[in-house]
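The exercises below are intended for a reader who meets this structure for the first time. Each consists of a task and a solution in steps.

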Amino acid sequence: MSEKVLVPDIGEFEKVEVIELLVKVGDQININDSIVTLESDKSSVEIPSIVSGKIESINVKIGDKISKGDLLLNILSSEESPSEKIIPKNTESIIKEAEVVLKNQNEKNIKEESFKKKEKSTITVNNENDIDPLETQDWLESLSAVVEKDGNKRAHFLIKELINKAYKEGANIPYTQNTPYINTILPEAEVKSPGNQNTERRIRSLIRWNAAAMVVRANKKFPELGGHIGTFASAATLYDVGMNHFWRAKNNKFGGDLVYFQGHSAPGMYARAFLEGRLNEKQLDSFRQEVKPGGLSSYPHPWLMPKFWQFPTVSMGLGPMLAIYQARYMKYLINRGLIKDENRKVWAFLGDGEMDEPESMGAIGLAAREKLDNLIFVINCNLQRLDGPVRGNGKIIQELEGSFRGAGWNVIKVIWGSYWDSLIANDKTGHLVKIMNETVDGEYQAMKARDGAYVREKFFGKYPETQELVSSLSDKDIWRLNRGGHDPHKVYAAYDQASKNQGSPTVIIAKTIKGYGMGKTGESVNTSHQTKKLDVDDLMYYRDRFDVPLTDEQVKNVQYFKPDDKSPEIKYIKERRMVLGGFLPERTTYSKTIKAPAKDIFNFLKVSTGEKEMSTTMALVRMLTNLLRDKNVSPRLVPIIPDEARTFGMEGFFQKIGIYAHEGQKYEPEDSAQLSSYREEKSGQVLEEGINEAGAMSSWIAAATSYTNHDIEMIPIYIFYSMFGFQRTGDLAWAAGDSQARGFLIGATAGRTTLAGEGLQHQDGHSHLLASTIPNCISYDPTFHYEIAVIFREGLRRMHEKNENVFYYITTMNENYSHPEMPKDKGCEEGILKGMYKIKEFSRYNKTKIQLLGSGTILREMMAAAEILQNEYQIDSEVWSVTSFNELRRDGMEVERYNLLNPDKAQKVSYVEKCLGKTEGPIMAASDYMRIYSDQIRAYVNKSFYSLGTDGFGRSDTRKNLRKFFEVDKEHLVVYGLSVLAKEQLIASKYAKEAIKKYNINGSKPMPTKL
Ligand SMILES: Cc1ncc(C[n+]2csc(CCOP(=O)(O)OP(=O)(O)O)c2C)c(N)n1
Ligand SMILES: [Mg+2]
């Protein structure tokens, strides 16, 4: 039957222009195939067909302005009646979602094992406020009986019911997110490690020794090199258990777990790699000496050790965020069907001091919300940071427990080692746990800096009951009471449980001792962090403490120790890694490249837009829409937006490719009847990050390094307000460079005078300068649509086809203007990419000439000024579109350096000099950025050079007024041009003076920087 396809509800727009017809009469099309593209002055959307069939007739043509309800097509439908067959999209996704939830619920119920306590123990907590201890005892015993008979879950249920009941009856329920200061996993519930504990201990001791030796040796040679011993000393067990039993490497059968190592624990990773035979002594001896190739970097830096390190973590706080978004991105790839679900995990090792960084905790809510059960945080709570205790007066473990539990994480506390088990079991009065709860971290730290007698007196001595509890222990026994993070059994049990946890991320909060084993100078003392030299006595102590088989002489020489390859230790360490699929960390890439799309996919941006005006943001969005039609590129695009899609006219993407939501869409969106309705979907492509630039940047980094971490090349495009880019998340951008990210950053609504109205906080006049600080970031400030097309395609080619480790920063603006046809000149494309090309020449008079350089929207002011100079002052000019002062400077710098270092060789010529060297007249450059942006090339041209720009704070006003204020409007450019020519003695100064008067310019107005 014949069906009419009408224009659906397209939101608030009326009379929107048809800019593309995507079908023709006779075509066979399917439901959801795009029919036409509509474009308003704000955004463009494609209209999909609601029926399948053959097109009988098309009722619209390019240029038509259409509104809701207008007839688009007649289709000979291949279905009886669409409305009968199609379940509305939202209803369908709700049904699907419900089915998935039901299925999971059933599975969970089946799986749930109710753990039963083996031994009954009632803990009586002495409490001065207890008005009836006997009654309390009754209640507690009843609870124990329930636990014994029906298990923990039942006990949980009853407690919850009691709380609800009390709440309903008006009791003021005290809120607590904390559990007592003991291990989360009870001894009887611990899963035992299958490893050979003796061999593992010996291996761990050797790793400890070699890590410390490496740092000490480097500092003996060059005391300025620095390094850390105390951090890894506290974390060795945490890493070893993971390495021996849990972390699976990437190989041809498995994608690999991803481990974010704490930055300054790097010596431990090198020491292990040494035992594994991956690094040799010579390499260890080049720790922190990287200038000569082959040195070991101070911290994890993929840029410096691209085959070893995967994640830069040493800037505190970035690791936690990057790991969360990595885990989320992994799920994104799985849910989009781009990688298999292999139960891979993301592990992140963090310091307790590091958790003070706002970034560290800033995204934990997202991890729980997104149910990232592929994510495990291990927080090494050695209770110290650099200067002193993390929480001297409090308890960092309890604080973290509360925050993570509150956010919805599975929390596993690993506080006490096995030697404590029997003491805690014998604590019938509850006094031991009471002291544990009462003691603050400052005291815990101080105790481990002293000895057993001190602990007996200050800790157990607090109550007669606890004094009695340890009466049969010697001071040495008391000293041996270990902390959970140093006990491989406890750590194994925690890792095991974390790995099996479903439905939420897990945090393991492990208590350790900073500088563990380092003796008086390094163990649990406030200076532990900085200790990088150990004297002979300390080294002897360290050797004895861990039974390292070295002679005194060898210790004095700080020799490394590596047992023979056939020794049980080396065989064990290698065998364990082989079982787990290979070595870690290791950075490899097996992704296939993405063929850059044919040039013609960009051709529509190379013709003039005629009367039609658009912004470069809009041109970019149109280009992306077009790219979504390219079969190779489309599935790999990862659009990332922090709640600004509508600002950038990208709301059309919501329907077209969907917003990623791991739970699909459980509600019918308010705007469901509209074409650009808010569509969330499990396989959605857009990462809509909410108002969260740091999170968006972290997502971008995960996608931009997908080629190595997931062996799939992706094309992330993160679009943001340019002012909230590098300025806001600069350290993440730096980490992106280190990570060898490949992708596009789009600084939209860029420019200090182009984003009118928004004012001081929003108007960006320096993001290009910040971008220029990152060596592998290539940045452009284009003016016209064809420039964007050329730059973007080249970016695709360089990054995703040729695998260059660079990333692109492109600014786009929201000022509407018409765009000319791309110049036919052969050199134009090369010029756009290198940074400048001649866009226009005025040569009517052949008397006086000036070279005018402009970038971004200010190029148009410059072109207008050139016209005035010619028409009113008979001055010729050549106008250059500068797409990147940054790239021009890089080229100039390189050429200059070469020439200076090779004075006797043929001297090279910079690209700027090639363009401008033989031209006539002085040079005047202007941009919508600070003068220093265009000033960058001053040194590389052999001519007088003047730069203009938007130095100073922005403010709200119209574009015209702002450009006047910052003196980059065409009138100022004319005046400055005339003045420059007068200064160069090419014309009389009276012309400039007259123009100043004519344009009503106040020559004694203060610099905008002072206003
Ligand atoms: C953003 C940032 N600020 C400061 C530092 C310097 N720094 C390196 S380690 C450290 C202390 C770390 O303490 P913690 O996180 O507890 O780690 P630990 O060594 O105790 O395991 C500091 C301040 C840094 N690396 N990054
Ligand atoms: Mg610490």
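**Exercise 1. Strand E4 and its partners**

How many bridges join strand E2 to E4, and do the two run parallel or antiparallel? The model to be examined is a predicted one. Determine also how E4 pairs with strand E5, and whether E4 is buried or exposed.

*Solution.*

Step 1. Strand E2 (residues 16-21) is joined to E4 by four bridges, and the two strands run antiparallel. Within this pairing, Glu17 has Glu39 of E4 as its bridge partner.

Step 2. E4 also pairs with strand E5 (residues 44-48), in the antiparallel sense and over five bridges. Here Leu38 is matched with Val45 in E5. E4 and E5 form a hairpin, with four residues between them.

Step 3. A residue counts as buried when its relative accessible area is under 20%. Five of the six residues of strand E4 (residues 34-39) are buried, so E4 is largely enclosed by the rest of the structure.

**Exercise 2. Two helices against H22**

Describe how the axes of helices H5 and H22 cross, and then how those of H6 and H22 cross.

*Solution.*

Step 1. Two packed helices are described by the angle between their axes and the distance between the axes.

Step 2. The axes of helix H5 (residues 197-221) and helix H22 (residues 568-579) cross at roughly 95 degrees and come within 10 Å. Angles of 65 to 115 degrees count as roughly perpendicular, and H5 is therefore roughly perpendicular to H22.

Step 3. On the H5 side, the contact consists of Thr199, Glu200, Arg202, Ile203 and Ile207; these meet Pro568, Glu569, Tyr572 and Ile573 in H22. The residues of this contact divide into five nonpolar, one polar and three charged.

Step 4. For H6 and H22, the axes come within 7 Å and cross at roughly 60 degrees. H6 and H22 are therefore oblique to each other.

Step 5. Gly242, Met243, Asn244 and His245 in H6 meet Tyr572, Arg576 and Arg577 in H22. This contact holds two nonpolar, three polar and two charged residues.

**Exercise 3. The surroundings of H7**

How many residues of helix H7 are buried, and against which helices do they pack?

*Solution.*

Step 1. Helix H7 (residues 266-275) is mostly covered, with 10 of its 10 residues buried. Among them are Met269, Tyr270, Arg272 and Phe274.

Step 2. The buried residues of H7 pack against H5, helix H6 (230-246), helix H8 (281-284) and H22.

Step 3. After H7 comes Gly277, whose phi is positive, near 85 degrees.

**Exercise 4. The magnesium site**

Identify the residues that coordinate the magnesium ion (ligand 2), and state whether Asn382 and Gln384 are buried or exposed.

*Solution.*

Step 1. Asp352 (OD), Asn382 (OD1) and Gln384 (O) coordinate the magnesium ion (ligand 2) at 2.0 to 2.1 Å.

Step 2. Along the chain, the donors of this ion follow the spacing D-x29-N-x1-Q.

Step 3. Asn382 has a relative accessible area of 6% and is buried. Gln384, at 2% relative accessibility, counts as buried.

**Exercise 5. A six-stranded sheet and a loop residue**

Give the order of the strands in the open sheet of six strands, and name its edge strands. Then place Thr749.

*Solution.*

Step 1. The order in this open sheet is E17-E14-E18-E19-E21-E20, with parallel pairing. Strand E17 (687-688) and strand E20 (777-780) are the edge strands, since each pairs on one side only.

Step 2. Strand E14 (residues 637-641) pairs with E17 in the parallel sense over two bridges. Ile640 has Leu687 in E17 as its bridge partner.

Step 3. Helix H23 (residues 616-627) lies across E14, strand E18 (715-721) and strand E19 (744-748), and runs at about 155 degrees to E18.

Step 4. Thr749 is found in the loop between E19 and helix H28 (767-772). At 2% relative accessibility, Thr749 counts as buried. Leaving out residues up to four places away in sequence, Thr749 touches several residues, including Thr617, Tyr721, Ser722 and Asn814.

**Exercise 6. The position of Asp738**

Where is Asp738 placed, and which residues is it in contact with?

*Solution.*

Step 1. Asp738 belongs to helix H27 (residues 726-738). With a relative accessibility of 12%, Asp738 counts as buried.

Step 2. Apart from neighbours within four places in sequence, Asp738 is in contact with Pro300, His301, Pro302, Trp303 and Pro312.

How values were computed. Residues are numbered from 1 along each chain as its sequence is written. Chains are lettered from A and ligands numbered from 1 in the order in which they are written. This is a predicted model: local features need pLDDT of at least 70, side-chain atom pairs count only at pLDDT 80 or more; totals for chains, interfaces and linings use all residues. Side-chain values use heavy atoms; hydrogens and water are left out. Axes are lines fitted to C-alpha atoms, for helices over the stretch in contact, and angles run from 0 to 180 degrees between N-to-C directions. Angles under 35 degrees count as roughly parallel, over 145 as roughly antiparallel, 65 to 115 as roughly perpendicular and the rest as oblique. Contact means heavy atoms within 4.5 Å. Ala, Val, Leu, Ile, Met, Phe, Trp, Tyr, Cys and Pro count as nonpolar, Asp, Glu, Lys and Arg as charged, and the others, Gly among them, as polar. Buried means under 20% relative accessible area, exposed over 50%, partly exposed in between (1.4 Å probe, protein chains only). Two strands pair if DSSP finds at least two bridges between them. Donors are N, O and S atoms within 2.8 Å of the metal (3.2 Å for Na, K and Ca); water is not among the atoms, so sites may look incomplete.
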